[in-house]
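Welcome, and please open the structure in your viewer. We will go from stop to stop, selecting a few residues each time and looking at what is there.

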Amino acid sequence: GDGKCDHDVYNSVECDWDGGDCIKFNKKYPDCHSGADCASFNTAFPGCTVKYPSLIGDGFCTHFDYNSKECGWDGGDCIEFNSKYP
């Protein structure tokens with residue numbers, strides 16, 4: 001529960017969806033808790049093949065492959081950063 005949705009075992013019932021941090025992501029992509037085999041995520045970002053899809057659109061700009069056109073500029077999280085630092 002640090003305000004950021006962590007992936008894998010943390011985004012699970014046992015970990016209370018990362019202390020509640022993954023609830024918004026799970027509502028947005030209900031069949032995608034970890035990995036890149038998530039139908040609704042793949043529909044929204046068809047060319048995005050990142051290891052941890054829960055980082056897309058989590059409110060924090062994640063760079064590297066996440067901040068790409070295919071991943072919607074990290075689900076929109078990097079738009080402001082990219083406009084300041086083109």
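This tour visits disulfides, a nonpolar core, aromatic pairs, a polar contact and salt bridges. Keep in mind along the way that you are looking at a predicted model.

**Stop 1: the cysteine links**

A good place to begin is with the cysteines. A disulfide is a covalent bond between the sulfur atoms of two cysteines. How many disulfides does the count come to? The count is three, and we can take them in turn.

Select Cys5 and Cys22 to begin. Their sulfur atoms are 2.1 Å apart and form a disulfide. Look along the S-S bond and you will find a right-handed link, with 100° about that bond. Now follow the chain away from each end: Cys5 belongs to the segment before helix H1 (16-19), while Cys22 is in the loop between H1 and helix H2 (23-28). The two are 17 residues apart, and the pair links distant parts of the chain. Turn on a surface and check both ends: Cys5 is buried, at 2% relative accessible area, and Cys22 is buried too, at 0%.

Next, select Cys48 and Cys71. They are joined by a disulfide with an S to S distance of 2.0 Å. The torsion about this S-S bond is about 95°, so the disulfide is right-handed. Both cysteines lie in the loop between helix H3 (39-44) and helix H4 (72-75), so the link ties together parts 23 residues apart in sequence. Are these two cysteines buried or exposed? Both Cys48 and Cys71 are buried.

The remaining link to select is Cys61 with Cys78, a disulfide with 2.0 Å from S to S. The link is right-handed, with 105° about the S-S bond. Cys61 is in the loop between H3 and H4, and Cys78 is in the loop between H4 and helix H5 (79-84), so this pair ties together parts 17 residues apart in sequence. The two ends have unlike surroundings: Cys61 is partly exposed at 26% relative accessible area, whereas Cys78 is buried at 0%.

Before moving on, select Cys15. Why does Cys15 have no bond to the closest cysteine sulfur? That sulfur, in Cys22, is 9.6 Å from the sulfur of Cys15, which is too far for a bond. Cys15 itself is partly exposed, with a relative accessible area of 32%.

**Stop 2: the core around Cys48**

Go back to Cys48 and add Phe41 and Ile56 to your selection. In the largest nonpolar core, which has 15 residues, these three touch the most other members. Now show what surrounds Cys48. Leaving out residues up to four places away in sequence, Cys48 touches Phe41, Asn42, Ile56, Glu70 and Cys71. Cys71 is already familiar as the disulfide partner of Cys48.

**Stop 3: two aromatic pairs**

Stay with Phe41 for a moment. The whole structure holds two aromatic pairs. Select Phe45 together with Phe41 to see one of them, a tilted pair with 5.3 Å centre to centre and 45° between the planes. Phe41 is buried at 1% relative accessible area, and Phe45 is buried at 10%.

For the other pair, select Phe81 and Tyr85. Their rings are also tilted, at 5.0 Å centre to centre with 40° between the planes. Phe81 is partly exposed, at 33% relative accessibility, and Tyr85 is exposed, with a relative accessible area of 53%.

**Stop 4: a polar contact at Asn11**

Travel back to the segment before H1 and select Asn11. Asn11 counts as buried, at 3% relative accessibility. Add Asn26 to the selection: the two side chains are joined by a polar contact of 2.9 Å.

**Stop 5: the salt bridges**

Side chains of opposite charge can pair when their charged atoms come close. Which pairs should you select here? A search of the whole structure finds two salt bridges.

Start with Lys4 and Asp6, whose side chains meet in a salt bridge of 4.0 Å, N to O. Lys4 is partly exposed, with a relative accessible area of 32%.

Finish with Glu80 and Lys84, where the salt bridge is 3.3 Å, N to O. These two residues are four residues apart in helix H5, so about one helical turn separates them. Lys84 counts as exposed at 54% relative accessibility, and Glu80 is exposed with a relative accessible area of 54%.

Technical notes
Residues numbered from 1 in each chain as written. Predicted model: local features only at pLDDT ≥ 70, side-chain atom pairs only at ≥ 80, totals over all residues. Heavy atoms only, no water. Phe/Tyr/Trp six-rings, centres within 6.5 Å; stacked < 30°, edge-to-face > 60°. Buried < 20%, exposed > 50% of the residue type's maximum accessible area, 1.4 Å probe, protein only. Core = buried A, V, L, I, M, F, W, Y, C linked by side-chain atoms within 4.5 Å. Contact = heavy atoms within 4.5 Å. Disulfide = S-S within 2.5 Å. Polar contact = N/O pair within 3.5 Å; in protein donor to acceptor, adjacent residues only side chain to side chain.
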